[in-house]
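Here's a quick tour for anyone meeting this structure for the first time. Have the 3D view ready and follow along.

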Amino acid sequence: MSDQILKTTPLNAAHRLLGARMVPFAGYDMPVQYEGVLAEHRWTREHAGLFDVSHMGQAKLTGADAVAQFERFVPGDYEILKAGRQKYSLLLNDQGGIMDDLMAGKPDHDGLFIVVNAACKDADFAHIEAGLQGDAKLTRLDRALLAIQGPEAAEVMAAHEPVLADFGFMDCARLMLFGADCFVSRSGYTGEDGYEISVPADQAERIWNTILEDARVKPIGLGARDSLRLEAGLPLYGHDADETTSPVEAALTFALSKSRKERADFPGADRIAKELDGGLSRVRVGLHVKEGAPAREGAEIADADGKVIGKVTSGGPSPTLGKNIAMGYAPPAFSEIGTALTVIVRGKPLAAEVVATPFVANRYYRKPRS
């Protein structure tokens, strides 16, 4: 895919000015690194990293029936979601397979603000639009999306807007920030504390540069974003989950709201109920690869006797832990923590062990209960 046919985000020129190495990703020309993946990974873990995630899809779902209609596509209970909160969920097909994972919240009193993955956004929004009934309208938004992540992110953002220091994990709001109309949530996909900030496209470069004026912040590319989310045990759609994968198989059962499971009124509810009762043939597991090269996507997973039982879906070195880690699918009988397995890398079996995820503890900020 050549640069001529790649889409660009509103920050493309800013990335090039900073000397980013640009690569094709989900049909966009995106920065994979600036000074190096390892350095950027560590900076985000220790300070604050700024990511351009403007390639992702943003939309508002409005109307008197907006929330009820949205629940026809996902297994989360959004009717009871309070204003100023957002929640992770899954867009499911009729077979209970995951079409995409997403964030949806109530930052204002005008329906839902939805963020979906870049490679899926056109199909996602078309699927939702085609199924809407009653008083509900989906409006795709032409906005940029920035993510600031890391232990110093809250202090950085509070210097611009003190109210952001009071946000807890998954709090969200629509507010004037940097002199622009923004949707802000305290969330992200690195396992670190931080914020995602939806900004008008024509204000993106100014806001990006303003945030980078803080010495605690550096620009971070997609390479470190991937290694960070892997350490956090977070699935990457299209790799660790797809339309054949159910939430139960993907170990994403926290996205199945109790009330929705009881009502069984979401796509694929019958399949998912059976799997929750133990009718599973595979499940996502975390692996420590104890020797040799990293096990990358596609590497086979074998039992102690050498029989192939599954495949790696994400893997690589963990900069934080100093060892190789991976995620993949294996039968439930081989999913217990401590189970000895092997992974086949370039034809060579390497010792591996099933471990708990996240590999590196998440550091989301949750407000103390009053």
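What follows goes from the cores to a covered helix, and then to a few backbone spots worth a look.

## Two nonpolar cores

First things first: this is a predicted model. Its largest nonpolar core has 32 residues, and the members that touch the most others are I148, L177, Y195, I197 and I211. Several elements chip in with at least two residues each, namely β3 (48–52), β9 (143–149), α5 (153–160), β10 (172–177), β11 (180–185), β12 (194–200) and α6 (204–212). Of these, α6 gives the largest share, with 5 residues.

There's also a second core, separate from that one, with 23 residues. Y88, L234, A241 and Y329 are among its members. As background, nonpolar side chains in soluble globular proteins tend to be buried together.

## A helix under cover

Now find helix α7, which runs over residues 222–231. How many of its 10 residues are buried? The count is 9, so you can call the helix mostly covered, given that buried here means under 20% relative accessible area. The buried ones are L222, G223, A224, R225, S227, L228, R229, L230 and E231.

What do they pack against? The list is β1 (21–25), β2 (28–33), α2 (37–46), β3, β16 and β17 (323–330). You've already met β3 as a contributor to the largest core.

## Where α2 meets α7

Take a closer look at α2 and α7. Their axes come within 8 Å and cross at roughly 55°, and the two helices are therefore oblique to each other. The crossing is right-handed.

On the α2 side, the residues involved are V37, E40, H41, T44 and R45, and they meet G223, A224, S227, L228 and E231 of α7. Sorted by class, this contact has 3 nonpolar, 4 polar and 3 charged residues. A general point helps when looking at such a list: an α-helix has 3.6 residues a turn, so residues three or four places apart point the same way.

## Neighbours at the end of α7

E231 turns up again in the surroundings of S318. S318 sits in strand β16 (residues 308–318), and its 3% relative accessibility is why it counts as buried. Apart from neighbours within four places in sequence, S318 is in contact with E231, K323 and I325.

A232 lies in the loop between α7 and α8 (258–263). Is A232 buried or exposed? With a relative accessible area of 5%, A232 is buried. Setting aside neighbours within four places in sequence, its contacts are T190, G191, P358, V360 and N362. The C-alpha atoms of A232 and V360 are separated by 5.6 Å, though the two residues are 128 apart along the chain.

One of those contacts, P358, is in the segment after β19 (348–355). The peptide bond leading from T357 to P358 is cis, with omega near 5°.

## Positive phi values

Most residues other than glycine have a negative phi, and most peptide bonds are trans. Two alanines here go the other way on phi. A26, in the loop between β1 and β2, has a phi near 55°. A251, in the loop between α7 and α8, has a positive phi of about 60°.

How covered are they? A26 counts as partly exposed at 33% relative accessibility, and A251 counts as partly exposed at 35%. A glycine joins in too: G233, just after α7, takes a positive phi of about 70°.

Key. Residues numbered from 1 in each chain as written. Predicted model: local features only at pLDDT ≥ 70, side-chain atom pairs only at ≥ 80, totals over all residues. Heavy atoms only, no water. Core = buried A, V, L, I, M, F, W, Y, C linked by side-chain atoms within 4.5 Å. Buried < 20%, exposed > 50% of the residue type's maximum accessible area, 1.4 Å probe, protein only. Helix = DSSP H or I, 4+ residues; strand = E, 2+ residues; numbered from the N terminus. Contact = heavy atoms within 4.5 Å. Axes fitted to C-alpha atoms, helices over the stretch in contact; angles between N-to-C directions. Parallel < 35°, antiparallel > 145°, perpendicular 65-115°, else oblique. Left-handed = near helix turned anticlockwise from the far one by under 90°. Nonpolar A, V, L, I, M, F, W, Y, C, P; charged D, E, K, R; others polar.
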